[in-house]
Amino acid sequence: MKRWGPWALLAVIAAVVLAVAAWPSGGHATIAERTRSLASELRCVDCEALSIADSATPTAAAQRADIEARLRAGQTDGQIRQAYVDRYGPSILLKPQNDGIGILVWGLPVAAFILGAGGLAYALWRWRREPRLAATEADEQLVAQAREAG
Amino acid sequence: MRAQLGIFGLVLGVVSAALGIGTLAFGIARHDDRLLRVGRRYVFALLAGAVIAVIAMEWALLSHDFSLKYVADNNARATPLLFTVTGLWAALEGSILLWGLILAGFLAATAYKFRQRATDPLVAWATLTGLVVAFFFFLLMLVPANPFKTFAGAVPADGRGPNPLLQDHPLMAFHPPMLYLGYVGFTVPFSFAIAALVTGRFGEGWLADTRRATLLAWGFLTIGIILGAWWSYEVLGWGGYWAWDPVENASLLPWLTGTAFIHSVMVQERRGMLRVWNLSLVVATFCLTILGTFLTRSGIVNSVHSFTQSPIGPWLLGFLAFCAVVGIGLIAWRGDKLHAPGRIDSPTSREAAFLANNLVFAGLAFVVLLGTVFPLIAEAINGNQLSVGEPYFDRMTTPLGIALLFLMAAAPALPWRAASGDVLRRRLVVPAYVGGASMALALVAGARGIADVLAFGLAGFALAGVARQVWIGVRARRRAHGENAALALQRAVRNNPRLYGGLLVHVGVVVLAVALTASQGYTTKHEVHLREGQSARVDGYTLTYLGARTENSAQKTTTSARVRIRKGGDDLGVYAPAVSSFPNSNEGIGTPSVRTGLLNDVYLTLVSSPTERGTVTLGVQITPFALWLWVGGAIMAAGTLVALSPSIGNRFRRVRRERPRDLLDAGPDGAIEPELEVATR
Amino acid sequence: MRHPARWVAGGVGVIVALLAVVLAVNSGKDPRADASHSRLVGQPAPAFTLPTIDGKQVSTASLAGKTVVVNFWNTWCQPCQQELPTLLDYWSRHSNDPDLVMVGIVRDDTEGAVKAAVSAEHIGWTIAMDPGAKAALAFATRGQPETYVIGPDGVIAGSQYGPLTVQSLDAMVTAARGRA
């Protein structure tokens, strides 16, 4: 038990720290935070690969103002996303949706990783279980012959 | 004149490559040593052709020879000297020329290095493969992407000048060449891998032959990617350094597989295992460099790099398919013979950690590749237009990144072959506590969220682990030789540059990881509207708008807003974000002004020029730890240099390695005796 | 047992082949092709009130009952310069038509540059600035040049992303007038 003592203590400290870190900061997110979070999920239409939150173009600024206005008017995140999809098409979402074909892009890497990890674990297990190469009959005979000869 | 010289250089290159391929092929088929010796000389003729073509292009650029279309499109009389020289790689055709030059250079260096082994079939096949790649790229320049096309009729009086973004910052001189040195460098291990497969000599020989080249290519690619991120930050002005843009991803993919390869190579060196995997990694890395070029140059994806669409796409795709087919075919054909008898003894061994490392890197590469091409796949399947952007990549790569940090922390303490729980516990307990302290420190400093705090903790864990390794190595030398600490460290590094170079690279990665976590999650953005003389307070900084200024030069017209930054009572200086317009377009190109501090960067952009009333709108972004991104990259580069340096023991004698030896052998009390002799070539 | 390398290589080969097919199919297509189809076609046109460069105002109210060609452009985008001759030609043929209005809305540019371009190119139709990019947002524009044709009933009859040709503009306006 003494060997694990320091590690158990460390585990406790780490768990406490992580719990505090994960504790949601009090209160709802402000309008500004929600605007930023939504804007970072929507693609800026006249940039390349940037989100509305990151882009400096006047259109992006107008879109941020529009999102903020909609949030103040009480629309939910989902409604705002849908409004933008209605206007610009699904390619405006930077985070592919979970339904339809989008599920492939989320699921395939997870599946591949699990497959790979499983394969690795299996290989490690098999390597441990396989006995060391044992001498076969033919090998023993060869050694016996060599002994007799020399 | 210059165009003809350039075409001559290209033709010389193509013909040399073709002749070299033919001669070597015949030499190999007939076991004719003389043909093999002659065949390799064509590599030098190839280099001559490339050099002539590049000289012709630079001459045309420097003399503003607008009879060449390329010069007219990418250069103007007003273009400053630096950007005239870098005009060589300012657009597609010229950048292929740069690729050709670097490829010829690498091939010539390899041919020279292996000159004593010119009749070795492995070397011959490797040279042949390299020449095939070179033939393709020079053919590319002669047919679809000719940089020396001239105007049929009137020659324009002045050129258009380079794209404004490409004449804004001296980084233009470094980012593309470094990136290309990395990309092209991977041709060398690829050609040796193909040679190993074809000749059936897939033991460790080809690995040892190409170790330095691989590490060099990896180092350049790392620097190229970091410089690209720096460019994005300093030049593009959106305040970030990585947008998961398809072309950025394209440069990251070969880096991911290349890093996996560098680690799994060590398992093959020591245990003879993972032969198939390593060969596949090398083939994949090379194919990914071609895929990267294809994605960048074919106009198939929206990207900040896609300046031109061009007919080069199908060529690159065809070549990519060819390389993939050859590589996969060879591996399938040789499949049976590649089976190695090795095994891994224990899941808590360094070999197992390297396997886990490879799994994570393969996972990262898969995620990045899938995310990048998924819009194309979705459209091909059911016509849906989808985007895959930062939120996806962030969410998918964060857990993998944390797993990597953990592996980096734990693996150096794991011995080869197997570890007992006692040894591990004793080795890891102090670094683990340092990690715990780092977590708590991060929490106190304001970090939030499990991923962030965990990342900071693991970073501390990893750094402490490295420190422990170094301390133990130095202590062993001091006990053995009685040297003082500084001398012991120096000698230890010189005796085992691979180990200490690798540790230094890990330090760089950890610094980078900390900087990434801090800057991604805790950056704040503000906009302030200021009249002249007015101040605003942002996050503890006081910004005073001093006034605007407009400067005209032949190259551009720049409007800048001068802003004084103060923190507390200290004056941090005057910074001037600007907007420039270039004669070839009215589009305003913003230039940010960044005040770099140890802890925070103050990032200023000019959102709107002064209105009639004299108010200006400034974008103010406070980015924590931005400096450490570049410092981390520099440390990685330094570590690569150390790992590349020759081991001192071998400078004066040739040591043939009889069998793979462990770099770290743990003695009974856990003390490490550093390996004194490591054969290098 | 056969070494698994063969099977894995075969599987990887199939995946790579599929990827190559996908890339080949997409090669040559403009990645912005999706932008050419505006989702606002068939919807009522958004209302706007914008200042023109000669100090007046243009609003949807003032355009009611007419066929309106709304063209988003600016002075620095090259396709905009490409389509300018088409617009000038169209204007010269239809400027006397009381039922047709052409409005150019400037996206991402300065008033000074626009005024200079208007006088240099002799642009005769109404040119309006879009402070705050409100109209661009309302029309869900993706860039420039982008053109919307609104029928007399106030519904967007057609749109085009990218430079106009004489045929495409004629076709859209004819279709829009047919909605009267």
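What pattern does chain C follow, read along the sequence? Select chain C in this predicted model and trace the chain from its N terminus: the pattern is α-β-β-β-α-β-α-β-α-β-β-α. Chain C holds 5 helices and 7 strands. Its radius of gyration is 22 Å, well over the 16 Å that the globule rule gives for 180 residues, so chain C is more spread out than a compact globule. Along the principal axes, the C-alpha atoms of chain C fill a box of roughly 85 × 40 × 30 Å.

**Chain A against chain C**

Keep chain C on screen and add chain A. Here 14 residues of chain A are in contact with 11 residues of chain C. On the chain A side, select α3 (58–72) and α4 (77–88), the elements that give two or more residues to this contact. The most comes from α3(A), with 6 residues. Colour the chain A side by class and you will find 5 nonpolar, 5 polar and 4 charged residues.

**Chain A against chain B**

Now hide chain C and show chain B with chain A. This contact takes 42 residues from chain A and 54 residues from chain B. On the chain B side, the elements giving two or more residues are α13 (350–382), α14 (390–410), α15 (421–445), α16 (450–481) and β9 (600–608). Which of the elements of chain B gives the most to the side that touches chain A? It is α13(B), with 13 residues. By class, the chain B side has 32 nonpolar, 17 polar and 5 charged residues.

**The sheet in chain B**

β9(B), one of the elements just selected, leads to the next stop. Show the strands of chain B and look for an open sheet of 4 strands in the order β1-β10-β9-β8, with antiparallel pairing. The edge strands are β1 (524–530) and β8 (593–596), each of which pairs on one side only. On average, neighbouring strands of the sheet are turned by 20° against each other, direction ignored.

Zoom in on β9(B) and β10 (residues 616–624) of chain B: the two run antiparallel and are joined by 8 bridges. To find your place on this pair, label B:Asn600, which stands opposite B:Pro624 in β10(B).

**Two helix pairs in chain B**

Select α9 (residues 205–236) and α10 (residues 246–271) of chain B. Their axes come within 10 Å and cross at roughly 150°. An angle over 145 degrees counts as roughly antiparallel, and therefore α9(B) and α10(B) are roughly antiparallel to each other. The crossing is left-handed. Show side chains for the contact: from α9(B), B:Leu207, B:Trp218, B:Leu221 and B:Ile225 are among the residues that make it, and from α10(B), those including B:Trp255, B:Phe261, B:Ile262 and B:Val265. In this contact the residues divide into 11 nonpolar, 8 polar and 2 charged.

For the last stop, select α8 (residues 187–199) and α11 (residues 275–297) of chain B. The axes of this pair come within 9 Å and cross at roughly 135°, which makes α8(B) oblique to α11(B). This crossing is left-handed. Display B:Thr187, B:Pro189, B:Phe190, B:Ala193 and B:Leu197 of α8(B), which meet B:Leu279, B:Val282, B:Val283 and B:Phe286 of α11(B). How many of the residues in this contact are nonpolar, polar or charged? There are 8 nonpolar, 1 polar and no charged.

How values were computed
Residues numbered from 1 in each chain as written. Chains lettered and ligands numbered in written order. Predicted model: local features only at pLDDT ≥ 70, side-chain atom pairs only at ≥ 80, totals over all residues. Contact = placed C-beta atoms within 7 Å. Nonpolar A, V, L, I, M, F, W, Y, C, P; charged D, E, K, R; others polar. Pairing = 2+ DSSP bridges. Axes fitted to C-alpha atoms, helices over the stretch in contact; angles between N-to-C directions. Parallel < 35°, antiparallel > 145°, perpendicular 65-115°, else oblique. Left-handed = near helix turned anticlockwise from the far one by under 90°. Rg over C-alpha atoms; globule rule 2.2 N^0.38 Å.
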